[in-house]
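Got your viewer open? Let's take a walk through this protein chain, one selection at a time.

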Amino acid sequence: MAPVKTEAIILKKNNFRETSVILSLYTEHLGKIKGLLKGVRTEKSRIPPLAFTPGAHIFALSYMKRSSELNLISSPSLIEYYDICGKENLKAWHLILNLVNLFTQEKEKDEKIFNLLKKTGKILVSSSTPEIVFVIFKLRIIKIFGYGIELSRCTICRKEEEHPFFSGKEGGIVCRKCRGREAYAVNISGRILNVMRQLERMDIEKSGIIKSIPGEILRKINFYANITLNYHTDMDKIWWANEKNLL
Ligand SMILES: [Zn+2]
């Protein structure tokens with residue numbers, strides 16, 4: 001089978017046997033793929049380690065297997081390594097890579113995700129508010145997945161009234177009247193809703209204009225995003241546990 005040439009962001013790397021690695025990539029042309037890259041953990045390998053380091057933007061060849069066999073990845077070359085030095089920035093970047101790895105299906109291509117990852121990597125190199133970038137990224141990827149988040153009208157009756165509740169299942173706000181039809185809806189305050197609306201509309205490249213958001217507000221917004229994501233997964237682990245290191 002002919003290889004597919006594609007750009008990719010490396011989401012995850014696991015060492016495999018003595019000299020190889022298994023990479024999870026978010027590719028431009030194939031969506032997420034997992035594959036074996038052979039023989040790179042040796043001194044005589046001509047592949048630079050940055051070309052198989054999580055977070056790097058690379059070009060590579062992928063040999064896609066039909067059955068349950070592992071795909072093969074070969075000849076990775078580095079296009080851009082986002083030189084993210086700040087400890088918090090690096091945490092945000094790893095949480096983002098992990099989120100994409102957990103919530104995307106293999107071989108479901110979406111260039112919007114690929115482009116969002118590239119933009120976010122660039123921004124995190126110099127952002128002074130990585131926790132805000134992280135939350136905007138999460139809101140944005142929820143929108144790309146089509147899970148929400150509706151913040152302007154009630155997700156059940158579609159009316160633009162007062163919305164004191166939020167439903168992860170419906171992916172947005174719920175009015176007082178409809179609350180009875182969505183027992184799992186939780187309270188959301190007007191203050192939080194206003195900040196969330198602002199972040200939800202914001203282009204991630206412009207995140208720098210917000211100088212700071214109180215931690216308690218950001219954590220709440222992240223919580224509403226997480227219950228939305230969590231409704232669409234059957235993962236039984238607490239996939240958001242590491243986020244408390246950033247938020
Ligand atoms: Zn309603």
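Start where the two domains meet: between domain 1 and domain 2 there is one salt bridge. Keep in mind that you're looking at a predicted model. To find the bridge, select Lys122 and Glu80 and show their side chains. These two form a salt bridge, and their closest N and O atoms are 3.8 Å apart.

Stay at this meeting place and look for polar contacts. Between domain 1 and domain 2, six residue pairs are in polar contact, with both residues at pLDDT 80 or more. Which elements of domain 1 give two or more residues to the side that touches domain 2? Color β1 (4–16), β2 (20–27), β3 (31–37) and β5 (71–80), and you've got them. The largest share of that side comes from β1, which gives six residues. Now try coloring by residue class: the side of domain 1 that touches domain 2 has nine nonpolar, seven polar and seven charged residues.

Next, give each domain its own color. Select 4–80 for domain 1 and 87–245 for domain 2. Their C-alpha centres lie 29 Å apart. How many residues are in contact across the two domains? On the domain 1 side there are 23, and they touch 17 residues of domain 2.

Switch on a surface if you like. About 1,600 Å² is buried between domain 1 and domain 2, and carbon and sulfur atoms give 60% of that area. Then pick out Tyr26, Glu28 and Lys32 in domain 1. These three lose the most area to domain 2, and together they account for 39% of what the domain 1 side buries.

Time for two backbone stops. First, select Arg17, in the loop between β1 and β2. Its phi is near 50°, a positive value in a residue other than glycine. Then jump to Ile149, which lies in the loop between α3 (130–145) and β6 (165–167). Zoom in on the peptide bond leading from Gly148 to Ile149: this bond is cis, with omega near 0°.

Finally, zoom out and switch to a cartoon view. The protein chain has five helices and eight strands. Trace the chain along the sequence and you'll follow the pattern β-β-β-β-β-α-α-α-β-β-β-α-α. Why can we call the chain as compact as a globular protein of its length? Its radius of gyration is 20 Å, close to the 18 Å that the globule rule gives for 247 residues, so the description fits. For a last look, line the view up with the principal axes: the C-alpha atoms fill a box of roughly 65 × 40 × 25 Å.

Definitions and conventions: Residues are numbered from 1 along each chain as its sequence is written. This is a predicted model: local features need pLDDT of at least 70, side-chain atom pairs count only at pLDDT 80 or more; totals for chains, interfaces and linings use all residues. Side-chain values use heavy atoms; hydrogens and water are left out. Domain bounds come from an automatic or database domain assignment. Contact means heavy atoms within 4.5 Å. Buried area is the accessible area (1.4 Å probe) that two parts lose on being put together, summed over both. A salt bridge is a side-chain nitrogen of Lys or Arg within 4 Å of a carboxyl oxygen of Asp or Glu. A polar contact is a pair of N or O atoms within 3.5 Å; within protein, one must be able to donate a hydrogen and the other to accept it, and residues adjacent in sequence count only if both atoms are side-chain atoms. Helices (H or I, at least four residues) and strands (E, at least two) are DSSP runs, numbered from the N terminus. Ala, Val, Leu, Ile, Met, Phe, Trp, Tyr, Cys and Pro count as nonpolar, Asp, Glu, Lys and Arg as charged, and the others, Gly among them, as polar. The radius of gyration is taken over C-alpha atoms; the globule rule is 2.2 Å times the number of residues to the power 0.38.
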